[in-house]
Amino acid sequence: MRSALPPGIECEWTSEAASTGILPEEAALVAGAVPSRRAEFAQVRKCARVCLTRLGFVPGPILTTPQREPIWPQGSVGSMTHCRGLYAASLGYAVDYAAIGIDAEPNHALPRDVCGSVIQGSERAMLDQLAHSRSRRWPEPAWDRLVFSAKESIFKAWFPLAKVWIDFDEFVVDIHPSTGSFTGVYAGDDEWAAARAFVEVAGRWAVTDTGHIVTAAAVPAFPVTF
């Protein structure tokens, strides 16, 4: 997970979800959820509090906005993700990064019906090329799932800045297999939202030994490279 993150961002992850350690204010948000959902919700927040402590913040309850966006302590930005077998959080300082988005997915091909709604024209051509080349990275990712995950990370970084939801066809992703990186370019028509957020973002990806694809998109508060 850490290899997908730029410098200065803390990350904590675990392979198992557990509902212990959830704070009362957080528990109230998922009181009606099934046990597995409560466990996921609790575990990623425990990971986030570890990151906050490392950054020097006093860790408290991590609540959400009506749009289900995590509310981070002033001066911090972050993101959380979970899928079966991987629960993670990443946080950094707001003076360094305007937004962070992370995502974890199983390293399996997308279902055909999902793939059709996620992958756009130029991305299909890219996937065809990737399917006939070797990335020199092992294990190799399911490339269509990697595009999906990259867009999820981009969306998580986009919304806190733009305050507008976007669809899968509003960002076009280009995967760079030799460097374990990707770029996303905004293809939508909401100029106001793009001005608040970004029209292009760089990110990184990795395949973990737990059988997951992990991606991270970070928007710097000032121009930096990673």
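## Arg 54 and its salt-bridge network

At 41% relative accessibility, Arg 54 counts as partly exposed, and in this predicted model its side chain meets that of Glu 12 in a salt bridge, with a distance of 2.6 Å from N to O. The pair links distant parts of the chain, since Arg 54 belongs to helix H2 and Glu 12 to strand S1 (residues 10–14), and the two residues are 42 residues apart. Glu 12, like its partner, falls in the partly exposed class, in its case with a relative accessibility of 22%.

This pairing does not stand alone, because salt bridges that share partners join Glu 10, Glu 12 and Arg 54 into one network. The count for the model comes to 6 salt bridges. As a general point, side chains of opposite charge can pair when their charged atoms come close.

## Two further salt bridges

A second pairing is formed by the side chains of Glu 26 and Arg 49, which meet in a salt bridge at 2.5 Å, again taken from N to O. Here too the pair links distant parts of the chain, with Glu 26 in helix H1 and Arg 49 in helix H2, 23 residues apart. Glu 26 is buried, with a relative accessible area of 0%, and Arg 49 also counts as buried, at 11% relative accessibility.

Glu 105 forms a salt bridge with Arg 145, and the closest N and O atoms of this pair are 3.6 Å apart. Because Glu 105 lies in strand S4 (residues 97–106) and Arg 145 in helix H5, the pair ties together parts that are 40 residues apart in sequence. Both Glu 105 and Arg 145 are buried.

## Two cysteines without a bond

How many disulfides does the count come to? The count comes to 0 disulfides, and the positions of Cys 11 and Cys 51 show the reasoning for these two residues. The sulfur of Cys 11 has its closest cysteine sulfur in Cys 51, at 6.0 Å, which is too far for a bond, given that a disulfide requires sulfur atoms within 2.5 Å. The relation holds from the other side as well, for the cysteine sulfur closest to that of Cys 51 is the one in Cys 11.

Both residues are shielded from the surface in the sense used here: Cys 11 counts as buried at 4% relative accessibility, and Cys 51 is buried with a relative accessible area of 0%.

## The buried side of helix H4

In helix H4, which spans residues 121–131, the residues Glu 123, Met 126, Leu 127 and Leu 130 are buried. They cover an arc of only 100° around the axis, and therefore they are on the same side of H4. This fits a general property of such elements: an α-helix has 3.6 residues a turn, so residues three or four places apart point the same way.

What covers the buried residues of H4 includes helix H3 (112–118), helix H5 (143–162) and strand S5 (171–176). The face of H4 that is turned away from this buried side carries the exposed residues Asp 128 and Gln 129.

## A nonpolar patch on the surface

Which residues make a nonpolar surface patch of about 240 Å²? The patch is made by Leu 29, Leu 63 and Ile 71. Of these residues, Leu 29 is found in the loop between helix H1 (24–27) and helix H2 (35–55), and at 43% relative accessibility it counts as partly exposed.

## Tyr 93 and Ser 15

Tyr 93 lies in strand S3 (residues 86–93) and counts as partly exposed, with 31% relative accessibility. When residues up to four places away in sequence are not counted, Tyr 93 touches Leu 55, Phe 57, Gly 75 and Val 77. The C-alpha atoms of Tyr 93 and Val 147, by contrast, are separated by 27 Å, and these two residues are 54 residues apart along the chain.

Ser 15 lies in the loop between S1 and H1, and with a relative accessible area of 38% Ser 15 is partly exposed. Leaving aside residues up to four places away in sequence, Ser 15 touches Gly 85, Leu 86 and Tyr 87. Ser 15 and Tyr 97 are 82 residues apart along the chain, and their C-alpha atoms are separated by 27 Å.

Notes: Residues numbered from 1 in each chain as written. Predicted model: local features only at pLDDT ≥ 70, side-chain atom pairs only at ≥ 80, totals over all residues. Heavy atoms only, no water. Buried < 20%, exposed > 50% of the residue type's maximum accessible area, 1.4 Å probe, protein only. Helix = DSSP H or I, 4+ residues; strand = E, 2+ residues; numbered from the N terminus. Arc of directions from axis to C-beta. Contact = heavy atoms within 4.5 Å. Patch = residues over 30% accessible without salt bridge, like charges linked within 9 Å, V, L, I, M, F, W, Y side chains within 5 Å. Areas by Shrake-Rupley, 256 points an atom, 1.4 Å probe, with all protein chains shown as cover. Salt bridge = Lys/Arg side-chain N within 4 Å of Asp/Glu carboxyl O.
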